[in-house]
Amino acid sequence: MIRRLRTLTADGTNPVRNLAMEAYLLETVPEDACVFYLWQNAHTVVIGRNQNAWKECRVATLREDGGHLVRRLSGGGAVYHDLGNLNFTFLLPEREYDLARQQEVILRAVRSFGLDARVTGRNDIEIDGRKFSGNAFYRHAGRAYHHGTLLLHVDTERMGRYLNADPAKLAGKGVDSVRARVVNLCDLQPRITVDAMRTALIQAFGEVYGGRPRDVDRNLMDESRLRALEARFGSWDWNFGRPIPFTWRAARRFAWGELEICFEVEGGRVKRCACYSDAMDERLAPRIAERLTGCALSGKALCAALDGLLGECAGPVRDVQRFLNEQEL
């Protein structure tokens, strides 16, 4: 049962430090607490845990303009952050995880400004069909978090400059119609500011959870652990990795997200496998890659190797098996 409510506002806009703090809060959240973390990144592209950085972002352009690229723990797709974006994270024991309750905090805060915000699907929050918040999720070692973005006055021109649009996502839609589906809250209600929204969120947090939020005591934090997490989130290997020299590649977009599979083949077997995906389940792509590594390069063998995952995520795995069968391997 949640007995204690804690809040923390990031003291800077460095994306590496902010993601390290998020990971630290996840590791240390008490068994009877929910921590509500509010943070902003300056001039940053954040990619999902299993995405190919070079495919999702115009990395050279971002670097030339002094921007940052970082990889988060959760799944999902790439997003652009600037100081017109306010990010939130709910961190709590996994048994207390309640997505509807967490989303109610966001809805109540936005509605306090007279806007009719609604949840659509599993990870978007919209007003009149226009998205202002995308959410993602992560679970580890009995703890979980739900985090997301709030577009207040984000520079949408820069967003388009740095993110690579996936043609499969745009199929059947004009670029203008895609842009029209995203909205900054300040365009709908000019009195919204970052500070005003932050205050509204903390107030709604207390109302929904029925308690008085108190600040996290920074003096109790383990700075050496935070520095270690910063080293991880700031490393080249974590953010970019090393693309394998593939000898076979195929990709497809499914209802649950895009999947790209690359094989390095030697002696008719998959020597190495890399899977890239924007699926919300951050565990899916690495588990597929692990299962396929070492398999004979045949559709039958590859599909059989994935049978062991059917109990965990049957729908997506069957989609991948059908996809592999179609490749005439």
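This passage describes selected helices, strands and contacts of a predicted model.

The three-stranded part of the model is considered before the helices that lie on it. Strands β12, β13 and β14 form an open sheet in that order, with antiparallel pairing. The edge positions are taken by β12, which spans residues 248–254, and by β14, each of these strands pairing on one side only. From one strand to the next, the twist of this sheet averages 15 degrees. Between β12 and β13 the antiparallel pairing extends over seven bridges, and within it R252 has L259 of β13 as its bridge partner. Strands of a sheet are held in such pairs through backbone hydrogen bonds, whether the arrangement is parallel or antiparallel.

Two helices, α12 and α14, lie across strands of this sheet. Helix α12 lies across β13 and β14 and runs at about 170 degrees to β14, whereas α14 lies across β12 and β13, with an angle of about 135 degrees to β12. The two helices also pack against each other, their axes being 12 Å apart and inclined at an angle of about 55 degrees. Because the angle has this value, α12 is classed as oblique to α14. The contact is made on the α12 side by L284, R287, I288 and L292, and on the α14 side by E312, C313, P316, V320 and L324. The crossing of α12 and α14 is right-handed.

Helix α12, covering residues 284–292, has L284, A285, I288, A289 and L292 as its buried residues. When the helix is viewed down its axis, these buried residues fall within an arc of 130 degrees, and they therefore line one face of α12. The elements that cover them include the strands β13 (257–266) and β14 (269–277), together with the helices α13 (299–305) and α14 (310–325). Of the buried residues of α12, L284, I288 and L292 also take part in the contact with α14. After α12 comes G294, a residue whose phi is positive, near 95 degrees.

A further set of strands, β8, β9 and β10, is linked by two hairpins. In the hairpin of β8 and β9, two residues stand between the strands, and D128 in the turn has a positive phi of about 55 degrees. Strand β8 (residues 124–127) pairs with β9 (residues 130–140) in the antiparallel sense over four bridges, and E126 stands opposite K131 of β9. Strand β9 is also paired with β10 (residues 143–151), again in the antiparallel sense, here over six bridges, with A136 standing opposite H147 of β10. The hairpin of β9 and β10 likewise has two residues between its strands, and A141 there takes a positive phi near 50 degrees.

Attention turns finally to a single residue of another helix. L19 lies in helix α1, which comprises residues 15–28. With a relative accessibility of 2%, L19 counts as buried, because the cut-off for a buried residue is under 20%. Leaving aside residues up to four places away in sequence, L19 touches W39, V70, R71, R72 and F233. In terms of separation, L19 and G142 are 123 residues apart in sequence, and their C-alpha atoms lie 19 Å apart in space.

Technical notes. Residues are numbered from 1 along each chain as its sequence is written. This is a predicted model: local features need pLDDT of at least 70, side-chain atom pairs count only at pLDDT 80 or more; totals for chains, interfaces and linings use all residues. Side-chain values use heavy atoms; hydrogens and water are left out. Buried means under 20% relative accessible area, exposed over 50%, partly exposed in between (1.4 Å probe, protein chains only). Contact means heavy atoms within 4.5 Å. The arc is that of the directions from the helix axis to the C-beta atoms. Two strands pair if DSSP finds at least two bridges between them. Axes are lines fitted to C-alpha atoms, for helices over the stretch in contact, and angles run from 0 to 180 degrees between N-to-C directions. Angles under 35 degrees count as roughly parallel, over 145 as roughly antiparallel, 65 to 115 as roughly perpendicular and the rest as oblique. A crossing is left-handed if the near helix is turned anticlockwise from the far one by less than a right angle, and right-handed if clockwise.
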